[in-house]
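Subject: Handover of a structure and its findings

Dear colleague,

Please find below the structure that I am handing over to you. I would ask you to keep it open while you read the notes that follow it.

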Number of protein chains: 2
Amino acid sequence: MPDDLQTEAETRHAAKMAKKKAARDRIMAGKTGEKGLVIVHTGAGKGKSSAGFGMILRCIAHEMPCAVVQFIKGAWETGERRILTERFPDLCQFHAMGEGFTWETQDRARDIAAAQAGWDKAKEVIRDPAIRMVLLDEVNIALRYGYLDAAEVLAFLSAEKPPLTHVVLTGRGAPETLIEAADLVTEMSLVKHPFRAGIKGQPGVEY
Amino acid sequence: MPDDLQTEAETRHAAKMAKKKAARDRIMAGKTGEKGLVIVHTGAGKGKSSAGFGMILRCIAHEMPCAVVQFIKGAWETGERRILTERFPDLCQFHAMGEGFTWETQDRARDIAAAQAGWDKAKEVIRDPAIRMVLLDEVNIALRYGYLDAAEVLAFLSAEKPPLTHVVLTGRGAPETLIEAADLVTEMSLVKHPFRAGIKGQPGVEY
């Protein structure tokens, strides 16, 4: 492109972006609320728990006390559990309450008891107003199998969650009533997965 | 339910789960490969970067050296940047190469130069076989705007990425050619977002 056309294109770009920025600034100026959010990560894709742990990392960075309650998971050691318990015990409580996937335990009564114990712990940490974010990892699985009562969970969040506390619920198959009640919902969809190509779960990626 | 029916239901559940476990174990036994993956997080939903940082946290937990190169982002301080640079400088390199969203800089030439500098840094860290995961945060935005050439990026990953290195590319609008070439692709879709309800970006959740 000749120099004068190049300059003209750049000027047009700058003008367009200035307009976009002005519009965006107007929108953002209207967003002044701070609120503890009910956040849901669902869908069949990867990244639901990872994104939850990414937010936990951010909370720790801001020195906001937080807590993780793991449903389903718990019977095996994960990187996230090790690093959070070893390096940040003062800022992040970690409660691994699961006993494995339902096809591992093969015992529905035990699965229900574990989910209920996880939920009791969840209520305890959510009630503590000093704790600013609570990650309920894989809780949607417990809701989907009916190990926990979705109506009870929603009633508790609505009645007892402190106004500034964020609660993050992960797992596929989140109930419709939870999606309705949540403030922020992301569906992670599987576009392509390497398990299909014979690649196993790997440290860093899956655990 | 009477006790004998309860017991029968439990036995049925156990048998069904035992069958499921056997099928799953057979599938998982076939998955023996270890491979450095090209991972893409795209879509308009939240959680693309958060999930990337969740994986970086896992790598650090496993003492796998890793690196973050941020495109676009970089002009402002984030929790993830602070905690990774302050607490884990030995395990995680952090390069914030962006200068803000394109409507902030309003200067296409400068955006292109910043993206190119980010890509040069990305190539350097990817080439280092000691580094086991590289997060290219928001690089898809740079690809989408044509600040970087997708064909060049793919050719580099195919020719020069060490076999065990994972590279994670985040950002909406990932090019089709990247999705084709990747091993693991998740689309994060927006089901519901609190910005629409006048809630601003909050620490822990967004940064």
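The notes below begin with conventions, then turn to the contact between the chains, the strands, the salt bridges and one buried residue.

This is a predicted model, in which local features need pLDDT of at least 70 and side-chain atom pairs count only at pLDDT 80 or more, while totals for chains, interfaces and linings use all residues. Residues are numbered from 1 along each chain as its sequence is written, chains are lettered from A and ligands numbered from 1 in the order in which they are written, and side-chain values use heavy atoms, with hydrogens and water left out.

**The contact between the chains**

Chain A and chain B bury about 6,900 Å² between them, and 62% of this area is on carbon and sulfur atoms. Buried area here is the accessible area (1.4 Å probe) that two parts lose on being put together, summed over both. Each side is well defined by residue: 79 residues come from chain A and 79 residues from chain B, where contact means heavy atoms within 4.5 Å.

Between chain A and chain B there are 26 residue pairs in polar contact, both residues being at pLDDT 80 or more. A polar contact is a pair of N or O atoms within 3.5 Å; within protein, one must be able to donate a hydrogen and the other to accept it, and residues adjacent in sequence count only if both atoms are side-chain atoms. On the side of chain A that touches chain B, several elements each supply at least two residues, including helix H1 (3-29), helix H3 (79-87) and strand E6 (184-192). Helix H2 of chain A gives the most to this side, with 11 residues. Helices (H or I, at least four residues) and strands (E, at least two) are DSSP runs, numbered from the N terminus. The residues on this side of chain A divide into 36 nonpolar, 20 polar and 23 charged; Ala, Val, Leu, Ile, Met, Phe, Trp, Tyr, Cys and Pro count as nonpolar, Asp, Glu, Lys and Arg as charged, and the others, Gly among them, as polar.

Arg58(A) is placed in helix H2 of chain A. Is Arg58(A) buried or exposed? Arg58(A) counts as buried, at 3% relative accessibility; buried means under 20% relative accessible area, exposed over 50%, and partly exposed in between (1.4 Å probe, protein chains only). Beyond its neighbours within four places in sequence, Arg58(A) is in contact with residues of chain B, among them Ser49(B), Phe53(B), Glu80(B) and Tyr207(B).

**The strands**

E6(A) and E6(B) run antiparallel and are joined by seven bridges; two strands pair if DSSP finds at least two bridges between them. Ser189(A) stands opposite Glu187(B), and Val185(A) stands opposite Lys192(B). Within chain A, strand E1 (residues 38-42) pairs with E6(A) in the parallel sense over four bridges. There, Val40(A) has Val185(A) as its bridge partner.

**The salt bridges**

Side chains of opposite charge can pair when their charged atoms come close. Over all chains, the structure holds 18 salt bridges, a salt bridge being a side-chain nitrogen of Lys or Arg within 4 Å of a carboxyl oxygen of Asp or Glu. Four salt bridges are counted between chain A and chain B, and Glu80(A) meets Arg58(B) in a salt bridge at 2.9 Å, N to O.

Glu160(A) and Arg127(A) form a salt bridge, with their closest N and O atoms 2.6 Å apart. Glu160(A) lies in helix H7 (residues 150-160) and Arg127(A) in helix H5 (residues 108-127) of chain A, so the pair ties together parts that are 33 residues apart in sequence. Glu160(A) is partly exposed at 36%, and Arg127(A) is partly exposed at 41%.

In chain B, Lys35(B) and Asp183(B) meet in a salt bridge (2.6 Å, N to O). Both residues lie in loops, and the pair ties together parts that are 148 residues apart in sequence. Lys35(B) is partly exposed at 33%, whereas Asp183(B) is buried at 15%.

**A buried residue of chain B**

Asp137(B) is in strand E4 (residues 133-137) of chain B and is buried, with a relative accessible area of 0%. Its side chain makes a polar contact with the side chain of Ser49(B) at 2.5 Å.

Yours sincerely
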